[in-house]
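User: Please take a close look at one part of this model, the surroundings of the ligand, and explain in connected prose what the computed geometry says about it. A few words on backbone angles elsewhere would also be welcome.

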Amino acid sequence: MTDTPAPTLDDARAVLATTFGHKNFRGLQEPVICEILAGRNALAVLPTGGGKSLCYQIPSLLRRGLGIVVSPLIALMTDQVEALRQAGVAAARLDSAIEPYEREEAWRLINAGELDLLYVSPEGLMQGAMLERLSSLPIALVAIDEAHCVSQWGHDFRPEYRMLGRLAEVFPTAPRLAVTATADARTREDIAKALRLENAAHFVDSFARPELSLTAERKTGRGAARVLELVRERRGRSGIVYAGSREGTETLAASLVAAGIPAAAYHAGLDKAVRAERLRKFLAEDEAVMVATVAFGMGIDKPDVRFVIHADAPASIEAYWQEVGRAGRDGAPAEGISLYSSADMAFTARRIEGREVDDAVKQTQGRKLRQLYAMLDGAGCRAAAVRRYFGEADVEPCGGCDICVSPPERRDATTAAQKALSAVQRLGGRFGRGRLIDHLLGKTKDVSDYEAGLTTYGIGQELSAVQWRDLVDQLLFDGLLREDPNDGRPLIGLGEALVVKAVYRGEVTVYVRDRPTAVGKPARSPKVRGAGVEVSPSDRALFDALRAWRRAEAARQGVPPYVIFADRTLAAIASTRPGSLRALEGQTGVGQVKLTHYGAAVLEVVCGFAPAA
Ligand code: ADP
Ligand code: ZN
């Protein structure tokens, strides 16, 4: 209970302008902040780059007491704390990686009531000592970031998140806010239940990311050559390449480095110090490629990542969206490119089978996997498919994905599918794909009398081996065929009996997408050009000079460049060329503290570029 009147939306606007340098709230920031300022709990699903952090940072600054932010990753906390300090906010983190003196200083500030925001890990917060010390203090709010981690139905379940439900009892008067970028309806229910947010309002923003152009293509072999080609075509930009295994990241990174690309591998098997150094470099550079397992990324807030490439496909649409979503956080054009194969799908399916979880969970994960491949291999707008998946209604095609840009031709392949299915049935699922195709073409080497006598032998002359291969892939993606790994020599068997029957009876039409003619050329949105943010040629030199100044300043302080100013801010400065502190103050991303710290230096850089009279 405070004597001072409750903070209002006008107060929030003032903090947005003076501390963060932004004029208007974005998307659902305003209603979410209102809810928290009123002392009520909330659940917010905002797209990546949608500005989730301000939803709890601003109320923390306005409400009495300490704002607690629970976050799953140290890298995420480090970044946010640094960005807040740059804006003049008293923020600290308490985690296993900090030095004892930092810990002492944080507690001193907390006890003196001088800290605005404290970032903690779930396990760190829930252990007795910390929770007890915090429970007797005034708490402005408790924010739970990446809240989908609490749900088994989500894609990144973390058991330690389950404990966070107890916060309802420990901080009964503090509003609690759960935020995430990916949660379908069921995951949202689970979050609300597990975190005891029963009466909380849900705020779910559109999942549209117009700046992100999506493409996907079937890969041939392991796809390494294709990845190299894709990255080469994007020289000068930062990107992330996701691979399915640690070894995969190492070999891909090595081949990129050999091609002269500043790339590094990143996975959980690397030494901690090596990992930290690679991460630091990736964040600090304007052009860097990280080749990583999915262990890398949650909470990587590098805003100028221009492309994300899946060398191996992810496990669900949630994971896909989270991963490609790491491109273009600064709102400038970016690309999400996914390579996938039926072998990737079989690999993930096997992984799911091997998990020690309830059958119901396995079934859900299996369904999510199929939904992902239906999108990747489908013939509909990708962005629209993702948005519908997350429950959005009335979704229009995006106009920017590979499918929208050049719609694939669909052909009715039901008859061919029937032939393939009956061949698999006749062969008893004892053979791999190559043998199956030879059988259909009537080309089996040293064919036995028995096989040559089967009615399906040689009935598939109308298609080429490549076309059969594509069709078999398609049937695998559709669940009509199933691949048994058989220790690396996969066997093809029939898939779901009901659908197979329906195809036999002609009740279901099987469509195939024609192979894109330009395999080898990236499907590319016409919108994607240059290095991201729009800078006109006449402003380019100044923009580069501002970036150089920023890089030097960041290096001096040992922080990533983007916590000083975003590219977007530098681009705006380069185009408006402010001549005074007052003029600089009006730029997006320039708050009071940054104006004081960097204003003079920025004006000096601008001054050196005064347009010739
Ligand atoms: P996410 O939702 O992905 O966590 P962040 O909170 O990191 O997003 O914000 C993404 C970017 O958008 C940051 O660079 C942030 O400064 C910027 N941003 C957030 N809110 C606003 C706003 N209202 N106006 C302008 N920029 C904003
Ligand atoms: Zn589209």
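Analyst: A backbone N or O atom of Gly50 lies 3.4 Å from an oxygen atom of ligand 1, a distance that falls under the cut-off for a polar contact, which is a pair of N or O atoms within 3.5 Å. The model is a predicted one, in which local features need pLDDT of at least 70, side-chain atom pairs count only at pLDDT 80 or more, and totals for chains, interfaces and linings use all residues, while side-chain values use heavy atoms and leave out hydrogens and water. Residues are numbered from 1 along each chain as its sequence is written, and chains are lettered from A and ligands numbered from 1 in the order in which they are written.

Side chains also take part in the contacts with the ligand. A polar side-chain atom of Arg26 is 2.9 Å from an oxygen atom of ligand 1, and an N or O atom in the side chain of His22 is 3.4 Å from a nitrogen atom of ligand 1. Taken alone, ligand 1 exposes 560 Å², and the protein buries 81% of that (areas by the Shrake-Rupley method with a 1.4 Å probe). In total, 15 residues surround ligand 1, the closest being Asn24, Gly49, Lys52, Ser53 and Arg329; a residue counts here if one of its heavy atoms lies within 4 Å.

Of these closest residues, Lys52 and Ser53 fall in helix α3, which spans residues 52-62 (a helix is a DSSP run of H or I with at least four residues, a strand a run of E with at least two). This helix is mostly covered, with eight of its 11 residues buried, where buried means under 20% relative accessible area, exposed over 50%, and partly exposed in between, with a 1.4 Å probe and protein chains only. Lys52 is among the buried ones, and so are Leu54, Cys55, Tyr56, Gln57, Ile58, Pro59 and Ser60.

Helix α3 also contributes to an open space. The second largest pocket holds about 1200 Å³, and of the 47 residues that line this pocket, the closest to its centre are His22, Gly51, Ser53, Asp301 and Arg568. A pocket is an open set of points on a 1 Å grid where a 1.4 Å probe fits, with protein on both sides within 12 Å along at least five of seven lines, and lining residues have an atom within 4 Å of a point; its volume is the space filled by probe spheres set on the points. At least two lining residues come from each of α3, α4 (74-86) and α24 (567-576). By class the lining has 16 nonpolar, 19 polar and 12 charged residues, with Asp, Glu, Lys and Arg counted as charged, Ala, Val, Leu, Ile, Met, Phe, Trp, Tyr, Cys and Pro as nonpolar, and the others, Gly among them, as polar.

As for the backbone angles, most residues other than glycine have a negative phi. Arg196, in the loop between α9 (185-194) and β7 (201-204), has a phi near 55 degrees, a positive value, and is partly exposed at 34% relative accessibility. Asp446, in the loop between α19 (433-441) and α20 (449-452), likewise has a positive phi, near 45 degrees, and at 77% relative accessibility counts as exposed.

Key:
A polar contact is a pair of N or O atoms within 3.5 Å; within protein, one must be able to donate a hydrogen and the other to accept it, and residues adjacent in sequence count only if both atoms are side-chain atoms.
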